[in-house]
Amino acid sequence: MSEPARSQPPLRVALLGYGFAGKSFHAPLLRTVEGLSLHVIASSRPEAVHADLPGVTVLPSAIDAATHPDVDLVVVATPNEQHVPLTQAALRAGKHVVVDKPMAVTLEETRSLAALAHSQGRLLSAFHNRRWDSDFLELRALLAEGTLGRVTHVESRFDRFRPEVRQRWREQPVPGAGIWFDLGPHLVDQALQLFGLPDTVHALLAIHRDGATVDDWCQVTLQYPQRHVVLQASMLIAGGMPRFAVHGTKGSWLKHGMDTQADRLIAGELPGAKDWGEDVWPGRLIVGPTGASRGTTAPRGDYRQFYAGVRDAVRGTGLNPVTPAQAVAVAAVLEAGVLSARNGCGQRLSLTEAERSNFKADRPVGL
C-alpha cells in the first residue's frame with residue numbers, strides 16, 4: 001500500500017455466508033490483507049463464527065448484513081442461487097461488492113448485476129482467486145515469453161477423488177450446482193485470461209458416481225482458430241493426470257500437482273508463512289526439436305493479491321482485479337457449455353459486440 005492509502009481507515013467488510021467458501025477462503029484472506037477489516041458476518045451459526053472470530057458481529061439475516069450502515073464492502077459467499085438478490089441489495093445500499101464465482105447462474109443475471117453496479121457507481125468483482133495460483137502464473141509467463149511458440153493444444157483440469165456424494169448444496173439438484181458451475185468457472189476464467197474469447201464451445205457433462213444427481217464430470221473444448229483448449233474436471237480421478245498439458249510449435253509444458261494454497265486454507269492455516277504460495281511440484285518443459293527437457297520454476301502464488309486489488313480499486317489507486325466484463329464472459333462460456341451438452345453441438349457465445357470489446361479492453365496485454 002502507498003503511504004496515503006495506509007493513512008486511510010480500513011474498509012469495513014461484511015461477509016455473507018460462513019460455510020465452506022466463507023470460512024475457508026474469504027475470511028482468512030480478508031483477515032490478512034492490510035486495509036480491510038472484517039466487521040460483520042451473516043450466518044445462521046453464530047457459535048461457529050465466534051469460535052473462530054470472537055470479535056466479529058454476527059447477523060442471522062444476509063440482507064441486513066448486505067445493507068449494514070457501517071459496511072463499505074460486501075462479500076457474497078452464499079449458494080449460487082442467492083448471489084443475485086444479495087448483490088442487488090448491497091449495490092442499491094451503496095456498497096462495493098465481491099461475489100464468489102460464478103457471479104450468477106445465468107448470463108442474463110450476470111449482465112443485470114454488471115449494469116446495476118455501473119448505474120450505482122460501485123465496484124463489482126468476481127472472486128477468481130485461481131488467477132493467483134503459482135502454476136497459472138508460470139504458464140502465463142511462458143506464453144508471454146513465447147517459450148512454447150504458437151500454442152495449438154491445451155489441456156487444463158481440476159480433479160478430485162470423492163466417490164461418495166456429499167450432503168451439500170453443490171451436489172444437489174439446485175440452480176448453479178454441479179461440477180461445471182463449481183470447478184468450471186476456475187478453468188474458464190483462466191482460459192479466457194490466457195487465450196481470449198473462443199469461437200465455439202463444445203461440451204460434455206455427465207454423472208459418473210452412484211447416487212449423484214448433478215454433473216460430476218465434464219469435458220469442454222474451447223475452439224479457437226488453430227487452437228483447442230480442453231477443460232476437464234472429475235470427482236473420480238485419484239491423481240496422476242497433469243494439471244496442465246500445453247503444446248505448441250516449439251515444444252510442450254507439463255505440470256502435475258496443484259497450488260497448495262487452497263489445501264492450506266482449508267486446513268485452517270492463515271496466509272503469510274515463508275513458503276506460502278511456493279510450487280512444490282515443478283513443471284517440465286520439453287523442447288520440441290531435440291526432445292530435451294528441464295524443470296521449470298513457478299512464481300509464488302498469493303490469493304491475497306485479489307483482495308489487495310479490490311482494496312486499491314475501491315480507494316481509487318488501482319484497477320478492479322476481476323471486472324464485470326470478465327464475469328460476463330465467464331457466464332457466457334458456462335451457459336454455452338450447458339447448451340452444447342444439452343443440444344449435442346457446438347455453441348457460439350451469446351455476447352454483444354460491446355461486451356466483447358469490454359472484455360478485450362480489460363484483458364491483460366501481451367498474451
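## Helix 5, the eight-stranded sheet and the two cysteines

Seven of the 10 residues of helix 5 (residues 83-92) are buried, so this helix is largely enclosed by the rest of the structure. The model is predicted. The buried positions in helix 5 are H83, V84, L86, T87, A89, A90 and L91. These residues pack against three helical or strand elements earlier in the chain, namely strand 1 (11-16), helix 4 (62-66) and strand 4 (73-76), and also against strand 5 (96-100), helix 6 (107-120) and strand 6 (124-127). After helix 5 comes G94, which has a positive phi, near 85 degrees.

### The sheet and the helices on it

An open sheet is built from eight strands in the order 8-9-10-7-11-12-13-14, with mixed pairing. Strand 8 (200-206) and strand 14 (293-296) are its edge strands, each pairing on one side only. From one strand to the next, the twist averages 10 degrees.

Within this sheet, strand 11 (residues 244-248) pairs with strand 12 (residues 251-255) in the antiparallel sense, over four bridges. In this pairing, A245 of strand 11 is placed opposite L254 of strand 12.

Helix 7 (residues 134-145) packs on the sheet, where it touches strand 7 (151-159), strand 11, strand 12 and strand 14. The direction of helix 7 makes about 170 degrees with that of strand 12. Helix 9 (residues 184-195) lies across strand 7, strand 9 (217-224), strand 10 (227-234) and strand 11. Helix 9 runs at about 160 degrees to strand 10.

### Helix 12 against helix 13

The axes of helix 12 (residues 324-343) and helix 13 (residues 353-362) come within 8 Å and cross at roughly 120 degrees. The two helices are therefore oblique to each other, and the crossing of helix 12 and helix 13 is left-handed. On the helix 12 side the contact is made by A325, Q326, V328 and A329, and on the helix 13 side by E355, N358, F359 and D362. As a general point, an α-helix has 3.6 residues a turn, so residues three or four places apart point the same way.

### W180 and the cysteines

W180 sits in helix 8 (residues 179-182). With a relative accessibility of 0%, W180 counts as buried. Leaving aside neighbours within four places in sequence, W180 is in contact with P185, V188, L205, D215, C218, V220, V333, L334, G337 and V338. D159 lies 21 residues from W180 along the chain, and the C-alpha atoms of the two are separated by 12 Å.

C218, one of the contacts of W180, also enters the disulfide count. With a disulfide taken as a pair of cysteine sulfur atoms within 2.5 Å, the count comes to zero. C218 is in no disulfide, and the nearest cysteine sulfur, that of C345, is 18 Å away. C345 is likewise in no disulfide, its nearest cysteine sulfur being that of C218, 18 Å away. How exposed or buried are C218 and C345? C218 counts as buried at 1% relative accessibility, whereas C345 is partly exposed, with a relative accessible area of 38%.

The table lists the relative accessibility of the residues discussed in this section.

| Residue | Relative accessibility | Class |
|---|---|---|
| W180 | 0% | buried |
| C218 | 1% | buried |
| C345 | 38% | partly exposed |

Key
Residues are numbered from 1 along each chain as its sequence is written. This is a predicted model: local features need pLDDT of at least 70, side-chain atom pairs count only at pLDDT 80 or more; totals for chains, interfaces and linings use all residues. Side-chain values use heavy atoms; hydrogens and water are left out. Buried means under 20% relative accessible area, exposed over 50%, partly exposed in between (1.4 Å probe, protein chains only). Contact means heavy atoms within 4.5 Å. Two strands pair if DSSP finds at least two bridges between them. Axes are lines fitted to C-alpha atoms, for helices over the stretch in contact, and angles run from 0 to 180 degrees between N-to-C directions. Angles under 35 degrees count as roughly parallel, over 145 as roughly antiparallel, 65 to 115 as roughly perpendicular and the rest as oblique. A crossing is left-handed if the near helix is turned anticlockwise from the far one by less than a right angle, and right-handed if clockwise.
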